[in-house]
Amino acid sequence: MNFLAHLIFGVLLFTGLLYFIGYFSDNTNIYKLFVAYIILLTSSLVPDLDHRKSIIFQVFNVIIGILLFIWIVTTYGINLENMGIFLLVYVLWYLLISKIILGKHRGFLHSLSFLIIFTVIIFLSTMSLLFTSAAFTGF
């Protein structure tokens, strides 16, 4: 499935699940529901992290580049040598993540094993069944 199919299926499944368990009521926490749908949207992007032309892969690498740049500048200062080190480390990171860790498209990130790992990480970081359900159905 592509991103849009993941998203549509996830929204329908998650909304149906919430309706089935009776989550919608007069005292529904709109903020939590909004955050849950943001998590669902983000989770819909995760399976395509291994595709080099996907939105999430490109955004992920830009964020890593910015964080790496900030770390080098704050730790070692700004000079030509440090900028060369930054470029070298960033290129090595990009090659490592895109060629070795992520591997082929529709590989490990599309497996049931990764879905379980991803869901456990979301649960442990939020301790919320609502957010975990959103991540699971979005994936």
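With a relative accessibility of 23%, W93 counts as partly exposed, because the buried class stops at under 20%. This tryptophan belongs to a predicted model, and its place there is helix α4, which covers residues 80-101. Leaving aside residues up to four places away in sequence, W93 touches F60, N61 and I64. V62 makes a handy second marker for this part of the chain: W93 and V62 sit 31 residues apart in sequence, and their C-alpha atoms are 12 Å apart in space.

V62 itself is part of helix α3, residues 55-76. What class of exposure does V62 fall into? At 48% relative accessibility, V62 is partly exposed, since the exposed class only begins over 50%. V62 can also be paired with Y90, which is 28 residues away in sequence and 10.0 Å away from C-alpha to C-alpha.

Stepping back to the whole chain, the model holds six helices and zero strands. Read along the sequence, that gives the pattern α-α-α-α-α-α. How does the chain measure up against a compact globule of 139 residues? Such a globule would have a radius of gyration near 14 Å, whereas the chain comes out at 19 Å. Along the principal axes, the C-alpha atoms fill a box of roughly 60 × 35 × 25 Å. Of the 139 residues, 34% are buried. Contacts between residues well separated in sequence also show up: taking the contacts with a separation of 6 or more, 65% of them join residues 24 or more positions apart.

Now for the helix pairs. Two packed helices are described by the angle between their axes and by the distance between those axes. For helix α2 (residues 30-45) and helix α6 (residues 129-138), the angle is about 30° and the axes are 7 Å apart. The two helices are therefore roughly parallel to each other, as the cut-off for that label is an angle under 35 degrees. The crossing of α2 and α6 is right-handed. On the α2 side, the contact is made by K32, V35, A36, I39, L40, S43 and S44. On the α6 side, the residues taking part are L130, F131, A134, A135, T137 and G138. Sorted by class, this contact has eight nonpolar, four polar and one charged residues.

One of the α6 residues in that contact, T137, deserves a closer look. T137 is found in helix α6 and is buried, with a relative accessible area of 9%. Which residues does T137 touch, not counting those up to four places away in sequence? The partners are G10, L13, F14 and L40. L40 has already come up as part of the α2 side of the contact with α6. T137 can also be placed relative to L18: the two are 119 residues apart in sequence, yet 11 Å apart in space, C-alpha to C-alpha.

Helix α6 has another packing partner in helix α5, which spans residues 112-126. Here the axes come within 9 Å and cross at roughly 155°. That makes α5 and α6 roughly antiparallel to each other, because the label applies to angles over 145 degrees. The crossing of α5 with α6 is right-handed. L115, F118, T119, I122, F123 and T126 come from α5, and they meet L129, F131, T132, A135 and F136 of α6. The residues of this contact divide into eight nonpolar, three polar and no charged. F131 and A135 are listed here, and both names also appear in the contact of α2 with α6.

T132, one of the α6 residues that meet α5, is a good example of what goes on inside this contact. T132 has its place in helix α6. Is T132 buried or exposed? With a relative accessible area of 8%, T132 is buried. Not counting residues up to four places away in sequence, T132 touches T119, I122, F123 and T126, and these four are named among the α5 residues of the contact.

Between the two helices comes M127, which lies in the loop linking α5 and α6. M127 is exposed, with a relative accessible area of 58%. What is special about the backbone of M127? Its phi is near 50°, a positive value in a residue other than glycine.

Conventions. Residues numbered from 1 in each chain as written. Predicted model: local features only at pLDDT ≥ 70, side-chain atom pairs only at ≥ 80, totals over all residues. Heavy atoms only, no water. Axes fitted to C-alpha atoms, helices over the stretch in contact; angles between N-to-C directions. Parallel < 35°, antiparallel > 145°, perpendicular 65-115°, else oblique. Left-handed = near helix turned anticlockwise from the far one by under 90°. Contact = heavy atoms within 4.5 Å. Nonpolar A, V, L, I, M, F, W, Y, C, P; charged D, E, K, R; others polar. Rg over C-alpha atoms; globule rule 2.2 N^0.38 Å. Buried < 20%, exposed > 50% of the residue type's maximum accessible area, 1.4 Å probe, protein only.
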